[in-house]
Amino acid sequence: MSKSKINLSQVDLSQVDLSTTIAGVRFCNPVIAASGTFGYGREYAGLIDVSELGGICTKGLTLNPRQGNAGQRLHETPAGLMNSIGLENPGIAVFLEKELPNLRALGPAVIANLSGSTVEEYAEGAVLLNNSSIDMIELNISCPNVKAGGMTFGLDPEAAASVVWPVRKAAPDKPLMVKLSPNAPDLAAVARACVDAGADALSLVNTFKAMAIDINTRKPVFDNTSAGLSGPAIRPIALRMVWELYDAVKVPIVGMGGISNTNDALEFLMAGSAAIEVGSATFAHPPAMIEIINGIAEYMERHKFSRPEEISIR
Amino acid sequence: MNDQKQSLLSILISSAVINQEIFRLDFIWKGPVPKPGQFFLIKPKRSAVFLARPISVALWQSDTVRFLIAKRGRGTEELLAMHLNEEVELTGPLGNCWEDFFPPENTQKPIALLGGGIGVAPLEGLPREFPKYDFDFYAGFRTGFKTDEERYGILGPAAFNAQNLIIATEDGSEGKKGRITNFLDPTKYAAVYACGPTAMLRAVTEKCKASGTPCYISMEKHMACGVGACLGCTVKTKNGNRRCCADGPIFPAEELIFE
């Protein structure tokens with residue numbers, strides 16, 4: 001064996017209908033690139049055929065540009081990684097002008113991940129997104145790496161509603177998905193508060209708050225002390241959370257957390273996810289999402305399923 | 001944006017231990033031809049670490065690519081333990097290249113290549129690929145080579161195809177005694193290309209700034225995606241954060257802010 005291209009399509013995708021609709025948005029398949037792991041879509045050009053993806057979530061966007069966090073931003077664990085990027089992004093206006101036209105042209109559904117420090121900042125950002133060509137907003141109330149805002153809105157039902165409702169009002173034309181934090185003490189209560197405040201869908205999990213210490217410098221690895229853990233290490237916990245969330249709310253759920261291969265993706269779809277997001281796995285193995293799409297198609301063919309929803313066991 | 005990159009399943013065809021710290025791996029590579037200064041993400045197919053490791057390409061031929069790697073942690077130890085014919089996932093070539101910063105072809109002065117330790121690796125391909133330019137090669141190490149295998153394994157053809165080869169060791173056991181930057185006179189050169197430990201990079205930046213010589217540095221950072229998507233490897237510059245993997249790994253020294 002000398003060389004084999006990894007992203008060979010093994011199934012004629014046109015034979016299996018993988019499409020799914022979430023909050024009115026059509027995805028050609030239920031596999032979405034997770035926020036913060038896929039840039040603005042063009043970075044992976046050449047490595048995979050980006051047009052085959054169901055959707056792409058942008059890097060977390062804020063009203064104004066952000067520099068992100070200082071110090072080390074990545075730390076590998078035995079089955080995943082911790083990150084402390086801190087929402088570095090060029091600001092929504094620059095995203096809309098410089099990145100969105102190209103991202104839009106790639107083909108997959110475009111989900112803008114919206115973050116902020118204050119309710120006002122979130123709402124102003126939502127207005128800009130409402131007047132753009134994006135397909136959906138993923139409201140990020142679960143980033144563990146910023147001091148103000150971010151995850152603090154996602155830990156408590158009242159705090160969550162206090163930002164979901166203004167964003168809902170500020171972006172009346174866009175489907176609204178709220179990305180939840182696994183660090184919330186009562187996730188079901190936060191989820192219900194989001195739905196009551198106008199969320200059309202929920203995505204979870206964001207990263208788990210975690211930390212590492214450098215035994216040589218005798219200091220925490222990250223300037224913020226803690227960081228967000230992702231990857232296979234969190235997958236069984238994330239799966240349990242998706243399963244439980246399915247019982248708590250009626251809106252569609254987009255599940256994620258360490259999904260690395262077809263088997264992982266099918267578990268999340270069986271647990272009640274309408275679609276799944278893949279993040280860190282793309283770092284470890286760039287063709288992961290393409291292999292998962294093909295794997296889901298093969299599984300559906302084997303089981304004579306005509307729609308991805310039939311995979312669910314809920 | 002560099003679109004000339006691929007993820008390919010390949011195999012290890014040759015490996016050699018060069019000394020206690022450094023080893024060499026050759027893989028089959030039938031993807032886009034790399035340029036000196038670019039890097040690959042390398043991960044054995046059977047691996048116990050999560051992320052691929054970013055390693056600068058040292059040399060290549062039509063169907064193979066060679067890496068000179070320093071043992072640093074679990075990821076590089078796993079690479080060292082690879083068997084011949086073992087499968088590996090290679091992603092690349094990634095990042096910018098020295099060529100992006102070449103002085104005009106009619107320049108009268110040579111280019112200085114400055115490598116500290118394993119930092120010689122990303123400079124290896126330059127003299128072979130660009131015979132039109134004259135290169136002097138400066139290589140600094142803590143201590144000297146114990147065998148010829150070590151000498152030729154680490155220095156390779158870049159050093160021996162250079163007009164002048166200047167070696168310095170901190171203990172004086174090989175070449176000149178002292179830090180390699182002490183023996184570099186930037187005024188003799190059209191540009192200085194450097195890679196190595198931060199202390200060396202800081203010193204060469206200062207020296208080149210004082211003499212007004214353009215200096216370009218290949219930086220090293222922990223990486224996750226390697227393609228500019230995750231922003232995990234940002235380098236601080238006077239123009240804000242830049243991505244080591246996609247905007248670099250080579251940056252003009254005058255822009256860098258060393259932490």
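Where does Tyr216(B) lie? Tyr216(B) lies in strand E13 of chain B. I will come back to that residue, after a word on the model.

This is a predicted model, in which local features need pLDDT of at least 70 and side-chain atom pairs count only at pLDDT 80 or more, while totals for chains, interfaces and linings use all residues. Residues are numbered from 1 along each chain as its sequence is written, and chains are lettered from A and ligands numbered from 1 in the order in which they are written.

Chain A comes first. Chain A has 8 helices and 17 strands; these are DSSP runs numbered from the N terminus, with helices being H or I of at least four residues and strands being E of at least two. The radius of gyration of chain A is 18 Å, close to the 20 Å from the globule rule for 314 residues, so chain A is as compact as a globular protein of that length. That radius is taken over C-alpha atoms, and the globule rule is 2.2 Å times the number of residues to the power 0.38. The C-alpha trace of chain A spans about 50 × 50 × 40 Å along its principal axes.

Of the 314 residues in chain A, 57% count as buried. Buried here means that 20 or more other C-beta atoms lie within 10 Å of the residue's own; exposed means 12 or fewer, partly exposed is in between, and the C-beta atoms are placed from the backbone. Now contacts: two residues are in contact if their C-beta atoms, placed from the backbone, lie within 7 Å. Among contacts in chain A between residues at least 6 apart in sequence, 73% join residues at least 24 apart.

Next, helix H1 of chain A, residues 92-106. This helix bends by about 55° at Glu99(A), and a proline, Pro101(A), follows within four residues. The bend is the angle between axes fitted to the seven residues ending at a residue and the seven starting there. Which residues of H1(A) are buried? They are Ile92(A), Phe95(A), Glu99(A), Leu100(A) and Leu103(A), so Glu99(A), the site of the bend, is on the buried list. What covers these buried residues includes strand E5 (55-57), strand E8 (109-114) and helix H2 (119-130) of chain A. Just after H1(A), Gly107(A) takes a positive phi of about 120°.I should take back the "so" I just used: Glu99(A) is where the bend sits and is also among the buried residues, and I claim no link between the two.

Some backbone oddities now. The peptide bond from Leu204(A) to Val205(A) is cis, with omega near 15°. Val205(A) is in the loop between strand E11 (201-204) and strand E12 (208-211) of chain A. In chain B, a cis peptide bond joins Gly248(B) and Pro249(B), with omega about 15°. Pro249(B) sits in the loop between strand E15 (240-243) and strand E16 (250-252) of that chain.

Two residues that are not glycines have a positive phi: Ala23(A), at about 50°, and Leu231(B), at about 65°. Are they buried or exposed? Ala23(A) counts as partly exposed, with 17 C-beta neighbours inside 10 Å, whereas Leu231(B) is buried, with 25 other C-beta atoms within 10 Å. Ala23(A) is in the loop between strand E2 (20-22) and strand E3 (25-27) of chain A. Leu231(B) is in the loop between strand E13 (215-218) and strand E14 (234-237) of chain B.

Back to Tyr216(B). Tyr216(B) counts as buried, with 25 C-beta neighbours inside 10 Å. Beyond its neighbours within four places in sequence, its contacts include Phe101(B), Ala191(B) and Ile250(B). Tyr216(B) and Ala194(B) are 22 residues apart in sequence and 6.2 Å apart in space, C-alpha to C-alpha.

Last, the contact between the two chains. It takes 33 residues from chain A and 31 residues from chain B. On the side of chain A that touches chain B, the largest share, 3 residues, comes from E7(A). By class, that side has 14 nonpolar, 12 polar and 7 charged residues. Ala, Val, Leu, Ile, Met, Phe, Trp, Tyr, Cys and Pro count as nonpolar, Asp, Glu, Lys and Arg as charged, and the others, Gly among them, as polar.
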